[in-house]
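Q: I should like to learn how the features of a protein model are read. Could we take them one at a time, beginning with the space inside?

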Amino acid sequence: MARMARAAGVARATRVAAWRPVVPALVATLLLFGGALTGALRTSLAPLPGQPATLAAWERVLGDPRFHEAAAFTVALAVVATALSVLLAVPIAALLRHRRAVQTLVVLPVLLPHLLVAVVVVLWLGPGGLVDRLVADLPQVVRAPSGLGIVLVYVLKEVPFLVLLVLAVWDEQVEQRREVAATLGVGPLRSLRLVVLPAVRAPLLLGAAVVMAFVLGFLHVPAVVGPTDPVTVPVYAVEATRVRGLAGQADAAVALLVASGIALLLAGAAGVLVRRLDGVRR
C-alpha cells in the first residue's frame, strides 16, 4: 500500500510538473482573449448597455441558412488548407534538411502578412494578372466559388510555418535513426513515415491546430480572394454589422463566438491526440 501511495504521489507530481511550464501561457491567454470573448458574449445577448439580455441574436443566426452555409464553407476551407499544409510540410522539410541557405528563405513567407500574400495572388492569378496574360484558359483562382484562392493563400503562408516547426524538432537523433533505417534497407519515403513522422507529429499536430483556428477566424484573406457566395463566417459577421445595425453587432458576435468555439474544440482535440501519441511513444 505504501508503495502504491508513493507511486500515485510521483505520478501526481509528474502531472503537476508537466503543467507548470504552460501555466504562464494559459494565464496570458485568458487575460488577452478572455476579456474579448466575454465582451462578445455580452454583445450577443445585449448589444446596448443596460438592455435586458435575450437570445434573439442566437436564434436569428443559428436559424439563418446563410450562416449554416458560411459555417460549413469555413470549416471545409480550414480542413482542406490545413490538410494540404501538413501533407506538404514533412516532404519539404526533408528536402531542405541540409540546405541552410534555403531554410533561411523559408522564413520570409512566415514574416509576410496574410493580406500581402492575398494581394500578390490577386496581382498574379487574378483576371488580367501576370499569369493570366501568359497562360490561356487559366482556372479561376480569385473569387472562385470553391474557395481555391483562399486555400492557395493559406497553403503559401502556412506550409513554411509548419516546415519550420518540423525542422526545429528534426534533430541529430532523428537523423541518426534515419541513417540506421537506411542501412537496414528502408527507403526514403518509408523512412519519413516510420522514423521522422513519429518524432515530429506532436508539434506538427499542434501547428495544424493553430493553422486551422487561424483560418476559421481570419477576415482579410477571404475578403480579398474569396467568393461573394458562399462567404466565410468572419465575412458573414462583417456583413451583419453593415446591414443590420445594432442587431447586426449582436449577430456578428454570435457568429464569431461559434467560430471561436469550433477553434477551441479543434485545439482541445489536437492537445488530447498529442498527449495520447506521446503516451504511446513512451
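A: Let us start with the classes of residues. Ala, Val, Leu, Ile, Met, Phe, Trp, Tyr, Cys and Pro count as nonpolar, Asp, Glu, Lys and Arg as charged, and the others as polar. By these classes, the lining of the largest cavity has 6 nonpolar residues, 2 polar residues and no charged residues. Please keep in mind that this is a predicted model.

Q: How many cavities of 30 Å³ or more does a search of the whole structure find?

A: Rolling a probe the size of a water molecule over the atoms shows where empty space is left. In this case the search of the whole structure finds 1 cavity of 30 Å³ or more. The space in the largest cavity comes to about 30 Å³.

Q: Which residues line the largest cavity, and which helices each supply at least two of them?

A: The lining consists of T74, L77, I150, Y154, V215, F218, P222 and T232. Helix 4, residues 65-96, and helix 8, residues 148-169, each contribute at least two residues to this lining.

Q: What elements does the chain have, and how many of each?

A: The chain has 12 helices and 0 strands. Read from the N terminus on, its elements run α-α-α-α-α-α-α-α-α-α-α-α.

Q: How is a residue judged to be buried or exposed?

A: The judgement rests on relative accessible area: under 20% is buried, over 50% is exposed, and values in between are partly exposed. Of the 282 residues in the chain, 34% are buried. A202, in helix 10 (residues 188-217), is one example. A202 has a relative accessible area of 12%, so it counts as buried. A247, which lies in helix 12, has a relative accessible area of 32% and is therefore partly exposed.

Q: How far apart in space are A202 and V166, C-alpha to C-alpha?

A: Separation along the sequence and separation in space are two readings, and both may be given for a pair. A202 and V166 are 36 residues apart in sequence, and their C-alpha atoms are 9.6 Å apart in space. For A247 and L48, 199 residues apart along the chain, the C-alpha atoms are separated by 9.6 Å.

Q: Which residues make the nonpolar surface patch, and which helix gives the largest share of the patch?

A: The patch is made by L112, L115, L116, V119, V120, L123, W124 and L130, and covers about 680 Å². Helix 6 (residues 114-125) gives the largest share, with 6 residues. L130, by contrast, is found in helix 7 (residues 130-134).

Q: Why can L130 belong to the patch, given its relative accessible area?

A: A patch residue must have over 30% relative accessible area. L130 meets this cut-off because its relative accessible area is 42%, and it counts as partly exposed.

Q: How many salt bridges are there, and where are R60 and D251, which form one of them?

A: A salt bridge pairs a side-chain nitrogen of Lys or Arg with a carboxyl oxygen of Asp or Glu within 4 Å. By this rule the count is 5 salt bridges. In one of them, the side chains of R60 and D251 meet at 2.7 Å, N to O. This pair links distant parts of the chain, since R60 is in helix 3 (residues 56-62) and D251 is in helix 12 (residues 233-281), 191 residues apart.

Q: Are the two partners, R60 and D251, buried or partly exposed?

A: R60 has a relative accessible area of 38% and is therefore partly exposed. D251 has 0% relative accessibility, so it counts as buried.

Q: Which residues are joined into one network by salt bridges that share partners?

A: Let us take the bridges in turn. D229 forms a salt bridge with R66, with the closest N and O atoms 3.7 Å apart. That pair links distant parts of the chain: D229 is in the loop between helix 11 (220-225) and helix 12, while R66 is in helix 4, 163 residues apart. The side chains of R66 and E239 also meet in a salt bridge, at 2.9 Å, N to O. Here R66 in helix 4 is linked to E239 in helix 12, 173 residues apart. Through shared partners, these salt bridges join R66, D229 and E239 into one network.

Q: What are the relative accessible areas of R66, D229 and E239?

A: R66 has 29%, D229 has 45% and E239 has 27%. R66 is partly exposed, D229 is partly exposed, and E239 is partly exposed.

Notes
Residues numbered from 1 in each chain as written. Predicted model: local features only at pLDDT ≥ 70, side-chain atom pairs only at ≥ 80, totals over all residues. Heavy atoms only, no water. 1 Å grid on protein atoms, 1.4 Å probe; cavity = no way out; pocket = protein on both sides within 12 Å on 5 of 7 lines; lining within 4 Å. Points joined across faces, edges and corners; volume = space filled by probe spheres on them. Helix = DSSP H or I, 4+ residues; strand = E, 2+ residues; numbered from the N terminus. Patch = residues over 30% accessible without salt bridge, like charges linked within 9 Å, V, L, I, M, F, W, Y side chains within 5 Å. Areas by Shrake-Rupley, 256 points an atom, 1.4 Å probe, with all protein chains shown as cover. Buried < 20%, exposed > 50% of the residue type's maximum accessible area, 1.4 Å probe, protein only.
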